[in-house]
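Colleague: Please take a close look at one helix and the loop that comes after it. I would like a connected account of that part, with its surroundings where they help.

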Amino acid sequence: MLHCCLTGAAYETAVITIPKIHNTEGHCLPGRNAGSAQYRMNTNQNQPSETPLFIEKLVHGGQGLGHLAEGKIALVTGALPGETVLLRVTQRKQGYVEGLVRDIVAAAPERISPACPYYADCGGCNLQHADLAAQLRMKTAIVAECLTRAGLNTVSELAALPAPEAFGSRHRLRLHLDAAGRPGFFQRASKRLVPVQRCLLASAGINRALAGLATSAKLCSWFAGRVQELEFAECPESGRVVLVLYARKTLNAGARKEVALRFAREPCADCILWRPNVVLYQRDGAVPVLHQHFVHSGLEYRLSWPAGTFFQANTSLNGQLVALVLEAVRECQPQTVLDLFCGSGNFSVPFGLAGFQVTGVEWAKASVQWAENNARQNGLRHFSFLVGDVNRKLEQLVTRGQRFDCVVLDPPRTGLGKATALLPKLAPRRIVSISCDPATHARDLGLLLAVGYRLERLTVVDMFPQTHHIESVAVLNR
Ligand SMILES: C[S@@+](CC[C@H](N)C(=O)[O-])C[C@H]1O[C@@H](n2cnc3c(N)ncnc32)[C@H](O)[C@@H]1O
């Protein structure tokens, strides 16, 4: 059986040229993916296959799946459902092979030219070769398949919430640094870093800051060996950009002074932080706190959060995500709502404003402090935020015999797992489950269905356009 989360192994790299695309008559298709861009690939076992391979579907991870003549599954990077390709095998695993498109015999109508000049090499995103509507269709099909595989054929149709923009929607972007201190993303299925000077997925402000940093030989050489990762965050309200530098070592006073001077000469962002909380540079007193103003569902409010803590990266679609979740909560007319994995109050604050008594649970102290701030700043008086591991806090709530009319959960990719079994003990009549991984989501939903909940509806939200990542919101009733 094919698992949802097949991952690539470490690759030895060599360069091959991306093939020209041919239609069934063998003519080159202009304006598609053909050209001089290059993929890097494993030199081991890279056997070109002359047998055309039909791509049946996209799997979680973004590869196209086909069946080889001998019955083995082939997972093909860069291939789209409905296409016929010639395959170059890069890895042989037990039961399946992985490979790259060597040539396209028949291209899918959804295939487009990737807009990003780094796309063929960079692993930062992997669906740019399909148009946005097709990406969402493929993601929805993957969710449907994960549900089916988990035995949850209870929703006949899945809803979908499209991304408003194909590019420029990320207001938070994390990059690694190479040995020369240049920022970039890892190559697909590799630890080799591809240096980039811009990322089409990121907001305009982040791209200005990234270009300033990446083209400064002095800044990059100072970063080399000192800084492992960078995170840019653009404030959706002011457009100011905060840069957070992540390093294993602490900075002594001399080094801080030195880097502060460098940034003052080349201020690539409005505020620069050495994690956790050392401010190295501030333009015009800019502080490392970000804000967003929301108007939806008859509510108006403002949220603030510090750079370096979690906040939904796609700020333009986040308002719609929150509205969707709030509507699902409102429908069950709750008095009490438990918001698990609450971050800095992205859902808790609108829940409170909608008149529900909210309890939030989150283990990042800084986020909880800002959740409380946000609640207060928006005029809420009755709220409770618990700092700690959701698994532990759930056990405590159950032991105390607490009850909630509705539970909302928004865990990281790993999902809630075993602790899902504790939710029915809080007696919620509705559970709204938000997830960024369809496989763990299907697993957790399966646990809830097994204890008597019904899956009412599920919406796929395209929070991560151009990438294989999939956000989904499930609504369950008892
Ligand atoms: C996907 S984010 C969602 C945050 C929030 N709901 C939002 O929309 O901004 C997951 C959050 O869960 C927190 N988290 C992850 N694992 C946790 C755990 N075991 N216990 C408590 N919080 C956890 C993270 O710090 C993060 O804030």
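Modeller: Helix H5 is followed by Gln333, a residue with a positive phi near 45°. Gln333 takes this phi of about 45° although it is not a glycine. Its place is in the loop that runs between H5 and strand E19 (336-340). Gln333 counts as exposed because it has 12 C-beta neighbours inside 10 Å, and a residue with 12 or fewer is classed that way. The model is a predicted one, and the protein averages a pLDDT of 88, with 90% of the residues scoring at least 70. Residues 1-45 are another matter: over that stretch the pLDDT is below 50, and the model gives it 94 contacts beyond near neighbours in sequence.

The helix itself covers residues 315-331, which makes 17 residues. From its first C-alpha to its last, H5 reaches 25 Å, close to the 24 Å expected at 1.5 Å a residue. Its buried residues are Thr315, Leu317, Asn318, Leu321, Val322, Val325, Leu326, Ala328 and Val329.

On the far side of E19 comes another loop, between that strand and helix H6 (348-353), and Phe341 is found there. Phe341 also has a positive phi, of about 65°, although it is not a glycine. Gln333 is exposed, whereas Phe341 is buried, because 20 other C-beta atoms lie within 10 Å of it; 20 is enough for that class.

Phe341 also leads to the ligand. Of the 16 residues around the ligand, Phe341 is one of those that come nearest, together with Gly343, Asn346, Trp363 and Asp410. Sorted by class, this shell holds nine nonpolar, four polar and three charged residues.

For wider context, there is a sheet to describe in another part of the chain. Six strands form an open sheet with mixed pairing, in the order E3-E7-E8-E6-E5-E4. Strand E3 (53-54) and strand E4 (57-58) stand at its edges; each has a single partner strand, so one side of each is left without a neighbour in the sheet. For E3, pairing with strand E7 (residues 84-93) is antiparallel and runs over two bridges. In one of these pairings, Phe54 has Thr84 of E7 as its bridge partner.

To return to the part you asked about: H5 is followed by Gln333 with its positive phi, and Gln333 sits in the loop leading between H5 and E19.

Key: Residues are numbered from 1 along each chain as its sequence is written. This is a predicted model: local features need pLDDT of at least 70, side-chain atom pairs count only at pLDDT 80 or more; totals for chains, interfaces and linings use all residues. Two strands pair if DSSP finds at least two bridges between them. Helices (H or I, at least four residues) and strands (E, at least two) are DSSP runs, numbered from the N terminus. A residue is near a molecule or strand if its C-beta atom, placed from the backbone, lies within 6 Å of it. Ala, Val, Leu, Ile, Met, Phe, Trp, Tyr, Cys and Pro count as nonpolar, Asp, Glu, Lys and Arg as charged, and the others, Gly among them, as polar. pLDDT is the predictor's confidence in each residue, from 0 to 100. Two residues are in contact if their C-beta atoms, placed from the backbone, lie within 7 Å. The expected span of a helix is 1.5 Å times one less than its number of residues.
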